[in-house]
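This report is meant for a reader who is meeting the structure below for the first time. Please keep the sequence and the model in view while reading.

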Amino acid sequence: MSSAPGPYDSGRQRDRDEEGRARNQRPRDGLGRPLPYGSDGVPRQPEGVVRTPEESVSEAQALLDAGHPFHAHEVFEDAWKSGPEEERELWQGLAQLAVGLTHSARGNTKGGARLLLRGAGAVADWSARAGQVRPYGMGVAELVSWAEALAAGLEREGVAVDAAAHAPQLRGGVRG
């Protein structure tokens with residue numbers, strides 16, 4: 001049996017965390033796409049950070065404003081994993097909105113539009129059940145309108161968008 005690397009083996013050991021779970025530590029660009037090892041990339045969001053909801057919203061907004069929706073999705077993912085169970089759908093919906101913007105900026109306009117609408121639906125459903133229209137200062141109606149308008153434009157035009165120029169303002173006002 002040969003010990004030479006196979007066609008799918010780059011000769012590198014798989015990146016693993018302390019528990020032995022696979023982790024891809026390749027550098028990433030601003031939209032989360034992997035870059036070759038050794039490339040300069042956008043710093044990754046550390047996983048498992050526990051933030052207050054207000055800190056999560058502020059950190060995600062800064063990342064969205066910088067055109068890094070993939071990284072904002074990671075902040076929302078931490079919030080849903082560390083927050084109260086009754087808010088899980090809110091944070092998951094926000095993460096879907098960020099991933100929808102990521103796909104839209106990468107040129108996957110159909111997938112981006114679907115994720116934007118799915119995320120908007122999750123956030124709106126949570127808001128209706130929880131009776132909260134401005135959780136942590138975020139305007140649910142404005143986010144839903146933003147997502148629906150962006151999805152409609154993506155479906156109509158089929159053209160990738162600039163993530164920073166089309167980022168939502170989580171706490172009021174919407175660009176793009």
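A good place to begin is one pair of helices, where α3 passes α4 in a left-handed crossing. The axes of these two helices come within 7 Å and cross at roughly 160°, and α3 and α4 are therefore roughly antiparallel to each other, since angles over 145 degrees count as such. The model is a predicted one.

**Overall make-up**

The protein contains five helices and zero strands, so that its elements, read from the N terminus on, follow the order α-α-α-α-α. Of its 176 residues, 41% are buried. Among the contacts with a separation of 6 or more, 58% are between residues 24 or more positions apart.

**Helix α3 and its partners**

Helix α3 has 19 residues, which at 1.5 Å a residue should span 27 Å, and this agrees with its end C-alpha atoms, which are 27 Å apart. Just after α3 comes Gly 107, which takes a positive phi of about 105°.

Besides α4, helix α3 also passes α5 in a left-handed crossing. Here the axes come within 12 Å and cross at roughly 25°, and because an angle under 35 degrees counts as roughly parallel, α3 and α5 are described in that way. On the α3 side of this meeting are Leu 94, Leu 97, Leu 101 and Ser 104, while α5 brings Leu 143, Trp 146, Ala 147, Leu 150 and Leu 154. An α-helix has 3.6 residues a turn, so residues three or four places apart point the same way.

**The nonpolar core**

Which residues have the most contacts inside the largest nonpolar core? That core has 36 residues, and those with the most contacts inside it are Phe 76, Trp 91, Leu 94, Leu 97, Leu 101, Leu 116 and Leu 170. The elements that give two or more residues to this core are α1 (53–65), α2 (69–82), α3 (88–106), α4 (109–130) and α5 (140–157). In soluble globular proteins, nonpolar side chains tend to be buried together.

Phe 76, leaving aside its neighbours within four places in sequence, is in contact with Ala 60, Trp 91, Leu 94, Ala 95, Ala 98 and Leu 170. Two of these partners, Trp 91 and Ala 98, can be followed further.

Trp 91 is found in helix α3 and is buried, because its relative accessible area of 1% is under 20%. Not counting residues up to four places away in sequence, Trp 91 touches Pro 53, Ser 56, Val 57, Phe 76, Ala 79, Trp 80 and Tyr 136.

Ala 98, likewise placed in helix α3, touches Pro 69, Ala 72, His 73 and Phe 76 when residues up to four places away in sequence are not counted. Although Ala 98 and His 73 are 25 residues apart in sequence, their C-alpha atoms are 5.2 Å apart in space.

**Five residues side by side**

The table sets out how accessible several of the residues in this report are.

| Residue | Relative accessible area | State |
|---|---|---|
| Trp 91 | 1% | buried |
| Ala 98 | 3% | buried |
| Ser 127 | 7% | buried |
| Asp 78 | 8% | buried |
| Tyr 136 | 25% | partly exposed |

**Residues of other elements**

Asp 78 has its place in helix α2, and its C-alpha atom is separated by 8.7 Å from that of Trp 91, which lies 13 residues away along the chain. Apart from residues up to four places away in sequence, Asp 78 touches Pro 46, Glu 47, Gly 48, Val 49 and Arg 51.

Where does Tyr 136, one of the residues touched by Trp 91, lie in the chain? Tyr 136 is found in the loop between α4 and α5, and its phi is near 55°, a positive value in a residue other than glycine. Most residues other than glycine have a negative phi.

Ser 127, finally, is placed in helix α4, and with neighbours within four places in sequence left aside, Ser 127 is in contact with Gln 132, Val 133 and Val 140.

Technical notes:
Residues numbered from 1 in each chain as written. Predicted model: local features only at pLDDT ≥ 70, side-chain atom pairs only at ≥ 80, totals over all residues. Heavy atoms only, no water. Core = buried A, V, L, I, M, F, W, Y, C linked by side-chain atoms within 4.5 Å. Buried < 20%, exposed > 50% of the residue type's maximum accessible area, 1.4 Å probe, protein only. Helix = DSSP H or I, 4+ residues; strand = E, 2+ residues; numbered from the N terminus. Contact = heavy atoms within 4.5 Å. Expected span 1.5 Å × (residues − 1). Axes fitted to C-alpha atoms, helices over the stretch in contact; angles between N-to-C directions. Parallel < 35°, antiparallel > 145°, perpendicular 65-115°, else oblique. Left-handed = near helix turned anticlockwise from the far one by under 90°.
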